[in-house]
Every structure is written in structure tokens, then in C-alpha cells.
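User: Please take a close look at one part of this model and then set it in the context of the rest. A plain, connected account will do.

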Amino acid sequence: MSKIKIGFLGAGYIAGVHASILARDERVEIAAAHDVVKQRSQQLARSTGATVAHSSSEVLALCDAIYLTAPNTKRTELAIIAAEEGKHVFCEKPMATSLADAGRVLKAAEKAQSVFQVGHNRRFAPVYAELKQMLAETHEPHSAHVKMNRGELLNPEWVSEPDITGGFLYETTIHMFDMLRFLFGEVTALHAIGSSHEYSETDDFSVLLSFASGMHATLASSADASWLFPFERVEVFCHHSTIVTREMECLVISEGIDGRHLERSMHQLTKDEKWGYAQEDRAFIDSITGGLPSAVTALDGYKSVELVDAVYESVRTRQPVAVVRNPDSSLEAKHGRD
């Protein structure tokens with residue numbers, strides 16, 4: 001069987017993470033890379049043996065599968081073109097930075113006969129995979145609190161530029177909106193409050209969410225909270241028990257009323273494994289070679305964008321927002337408003 005030829009559109013940090021993992025997979029060949037900053041393409045090519053492509057169309061012509069690792073606001077058209085040309089697509093999160101664009105990508109992905117996977121790596125992180133298994137088998141949740149903070153939006157410089165990120169929530173916090181669905185099911189409504197303190201955009205959010213299951217949760221995300229560990233944390237409250245994650249490092253489980261707890265550490269794993277990057281890349285290639293369904297679908301990518309969009313709408317209107325369950329019901333107005 002011939003190797004799958006992989007091309008990268010965007011050659012920044014996250015492209016390097018994926019490329020280093022894929023370089024160890026005997027089923028693939030990293031064939032081409034393109035970035036608007038040529039030095040980045042050249043660096044990725046030197047480390048992988050890829051060809052430096054002069055355009056996105058050249059990458060598409062050379063490759064069977066595309067990693068879309070361009071900046072957040074530049075992915076939509078590339079994703080649509082790649083899907084329409086029948087390429088297998090791994091699209092980093094977010095797959096779009098507006099709901100209308102997410103709907104366009106979803107339609108193109110669902111129409112294509114190829115694999116389309118979205119890069120929500122937390123789903124593959126052992127901490128969250130084990131938490132999901134516990135919630136399905138032994139611990140029924142009734143509420144939760146989630147936080148995703150940053151210490152600053154200064155390094156790298158572009159993280160404070162909405163023209164590149166699409167907005168603070170689209171950069172890193174969108175992972176936790178996906179995680180809420182992954183762990184607890186569909187969100188039916190939310191109410192958000194936001195404020196601005198350090199940057200030119202809304203940089204501090206508090207969100208109350210309700211789920212189809214009857215569960216409820218809160219989410220907090222601040223852009224200037226310092227880098228206090230853990231900057232990412234999920235607390236799940238069950239019957240006389242609590243399960244807590246500390247980034248991707250460990251799970252803490254407390255059961256009963258006497259304060260006992262057990263810690264499950266992931267410290268022995270590499271960062272690529274702890275953060276789920278290795279597993280998501282393997283799943284993408286498995287889907288291509290084995291004809292398997294995508295592990296994180298375009299619909300999953302759409303739904304995470306939908307939740308972020310709903311938060312921004314709730315902040316703007318100062319009203320609760322009902323989250324539409326069916327993306328085909330409208331590509332223009334996605335939310336009902338109270």
C-alpha cells in the first residue's frame with residue numbers, strides 16, 4: 001500500500017507538533033508545506049523532508065490529505081476547497097470563526113466522500129478520556145464547573161489580535177466548549193456575562209449552561225489570570241463524589257463524606273500523549289486507511305463554534321440564548337433569543 005501524502009497549509013507551532021508525530025508514522029509521507037511566511041515552510045520542510053510549496057493549490061495538487069494549521073480566521077475557504085477537491089482534511093480548531101462560515105464548512109465536509117476531522121485534541125487526552133468513561137459507567141453527574149484561563153495575551157503577539165484569532169474564546173477556550181459537549185451532552189441554553197480589562201476585546205467571561213440531560217454547569221475564562229496551575233480545570237459533581245482534572249496531568253477522585261481521595265497521574269506519558277495530539281493524529285490516519293468514521297466530525301466542530309457564538313451573542317444582548325440543536329434549520333440565525 002502506498003503511503004498517504006500529507007500536506008500542511010500553515011507551518012507554525014501546531015503544524016510542527018503534528019508533523020513531528022506524523023513523521024513517526026510509517027503509513028504517511030509529509031510531502032509539502034506552505035505558509036505565507038516562507039521561513040516557516042522552509043523550517044518545517046527541513047525537519048520532515050517535505051517540499052516547500054509556493055501556494056495552497058500546489059499543496060492540494062501534491063497531497064492526499066491536508067492539515068489545515070493556518071491561523072483561525074484563514075481556515076474556512078481552505079477547508080471548503082480541500083473538501084470539495086476530495087482531500088482528507090484535518091482541520092485545527094476552530095474550523096471557522098463565525099457560525100455562517102462553520103455552516104459552509106459543515107456542508108462541504110458532509111458532501112465530500114473523504115475524511116474530515118477537527119482538531120479538538122482534549123477528547124483524546126487520557127485525563128478526559130478516563131473522565132468520560134467514569135461518567136458513563138460509575139458516576140452520574142448533576143453539575144460541573146469548568147475553567148480555562150490564560151496568564152496573558154502577549155506571547156505570541158497575535159493571540160491578542162481578533163483579526164487572527166476570531167476572538168479570545170475562539171483561540172483556546174473553544175476546547176472547553178467542545179469538552180462540555182463531549183462529557184455532558186448537548187447544551188440547550190446558556191447565559192453569559194463578559195467584561196474587558198486588559199485588552200481591546202472582551203477578555204473575561206462567566207457562563208451558565210443547561211443541558212438536555214437536565215444537568216447544569218458554569219464556565220469561567222479569563223485572559224489575564226496569571227499562569228497559576230492548573231490554568232485548565234474541570235470539576236464534576238456527582239452523588240457524594242467529586243472528580244477533578246488538573247490540566248492534562250491528573251485526575252483526582254473524592255468519594256464518600258470522609259474526605260478520602262485518589263489521584264490518577266499521567267506524568268509518565270509524553271506531552272504528545274498527555275495532550276492527545278498523538279492519539280488524534282493516529283485516529284485521523286486510521287480513518288483514512290481503515291475507512292472508519294471521523295473521530296471528531298465537522299458537526300462536532302460546528303457545534304463548538306455554535307457555543308462560542310452563543311456566548312458572544314449573550315454578552316452583546318445581555319440575555320440568555322437558546323442553542324439550536326439542528327444546524328440545517330438556519331445558516332443565518334442560529335439562536336432563539338428570550
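What volume does the second largest pocket have?

Analyst: The model is a predicted one, and every value below is computed from it. The second largest pocket has a volume of about 160 Å³. Its lining consists of Ile21, Leu22, Arg24, Asp25, Arg27, Ala278, Asp281 and Arg282. Two elements, H1 and helix H10 (277–290), each give two or more residues to that lining. H10 is the element that gives the most, with three residues. By class, five of the lining residues are charged and three are nonpolar, while none is polar.

The largest pocket gives the context. About 1,100 Å³ of space lies within this largest pocket, and 39 residues line it. Nearest its centre are Tyr13, Ile14, Pro156, Trp158 and Glu171. The elements that supply two or more residues to this lining are helix H1 (13–22), helix H4 (75–84) and helix H8 (168–184). H8 makes the greatest contribution here, with three residues. The lining of the largest pocket divides into 16 nonpolar, twelve polar and eleven charged residues. H1 is thus named for the largest pocket and also for the second largest.

One residue near the centre of the largest pocket deserves a further word. Pro156 is among the residues nearest that centre, and a cis peptide bond joins Asn155 to Pro156, with omega about -5°. Pro156 sits in the loop between strand S7 (143–148) and helix H7 (162–165). A cis bond is also found between Lys93 and Pro94, where omega is about -15°. Pro94 belongs to the loop between strand S5 (88–92) and helix H5 (99–111).

Backbone angles set two further residues apart. Most residues other than glycine have a negative phi, and most peptide bonds are trans. Glu247, which is not a glycine, has a positive phi near 50°. Glu247 lies in the loop between S12 and S13, and with a relative accessible area of 9% it counts as buried, because the cut-off for buried is under 20%. Arg318 also has a positive phi, of about 55°, and is not a glycine either. The loop that holds Arg318 runs between helix H11 (298–317) and strand S15 (321–323). Arg318 has a relative accessibility of 71% and therefore counts as exposed, the cut-off being over 50%.

H8, already met in the lining of the largest pocket, also has a buried residue that can be followed into other parts of the chain. Met176 is found in helix H8 and is buried, with a relative accessible area of 1%. Leaving aside neighbours within four places in sequence, Met176 is in contact with Tyr128, Val146, Met148, Leu219, Glu232 and Val234. The C-alpha atom of Met176 is separated by 8.8 Å from that of Ser304, although the two residues are 128 residues apart along the chain.

Tyr128, one of those contacts of Met176, leads to helix H6. Tyr128 is one of the buried residues of H6, along with Val127, Glu130, Leu131, Met134 and Leu135. Seen down the axis of H6, the buried residues fall within an arc of 160°, so they line one face of the helix. The face turned away from this buried side carries the exposed residues Ala136 and Glu137. The cover over the buried residues of H6 includes H8, strand S11 (232–238), strand S12 (241–246), strand S13 (250–255) and strand S14 (261–265). As for length, H6 covers residues 126–137, and its twelve residues at 1.5 Å a residue should span 16 Å; the end C-alpha atoms are 16 Å apart, so the expected span and the model agree.

Lys271 is the last residue to place. Lys271 is in helix H9 (residues 271–274). Its relative accessibility is 43%, so Lys271 counts as partly exposed. Between Lys271 and Glu249 there are 9.4 Å in space, C-alpha to C-alpha, for residues 22 apart in sequence.

To return to the request: the second largest pocket, at about 160 Å³, is lined by residues that include Arg24, Asp25 and Arg27 as well as Asp281 and Arg282, with H10 giving the most to the lining.

Key:
Residues are numbered from 1 along each chain as its sequence is written. This is a predicted model: local features need pLDDT of at least 70, side-chain atom pairs count only at pLDDT 80 or more; totals for chains, interfaces and linings use all residues. Side-chain values use heavy atoms; hydrogens and water are left out. On a 1 Å grid over the protein atoms alone, a cavity is a set of points where a 1.4 Å probe fits but cannot get out, and a pocket is an open set with protein on both sides within 12 Å along at least five of seven lines; lining residues have an atom within 4 Å of a point. Grid points are joined across faces, edges and corners, and a volume is the space filled by probe spheres set on the points. Helices (H or I, at least four residues) and strands (E, at least two) are DSSP runs, numbered from the N terminus. Ala, Val, Leu, Ile, Met, Phe, Trp, Tyr, Cys and Pro count as nonpolar, Asp, Glu, Lys and Arg as charged, and the others, Gly among them, as polar. The expected span of a helix is 1.5 Å times one less than its number of residues. Buried means under 20% relative accessible area, exposed over 50%, partly exposed in between (1.4 Å probe, protein chains only). The arc is that of the directions from the helix axis to the C-beta atoms. Contact means heavy atoms within 4.5 Å.
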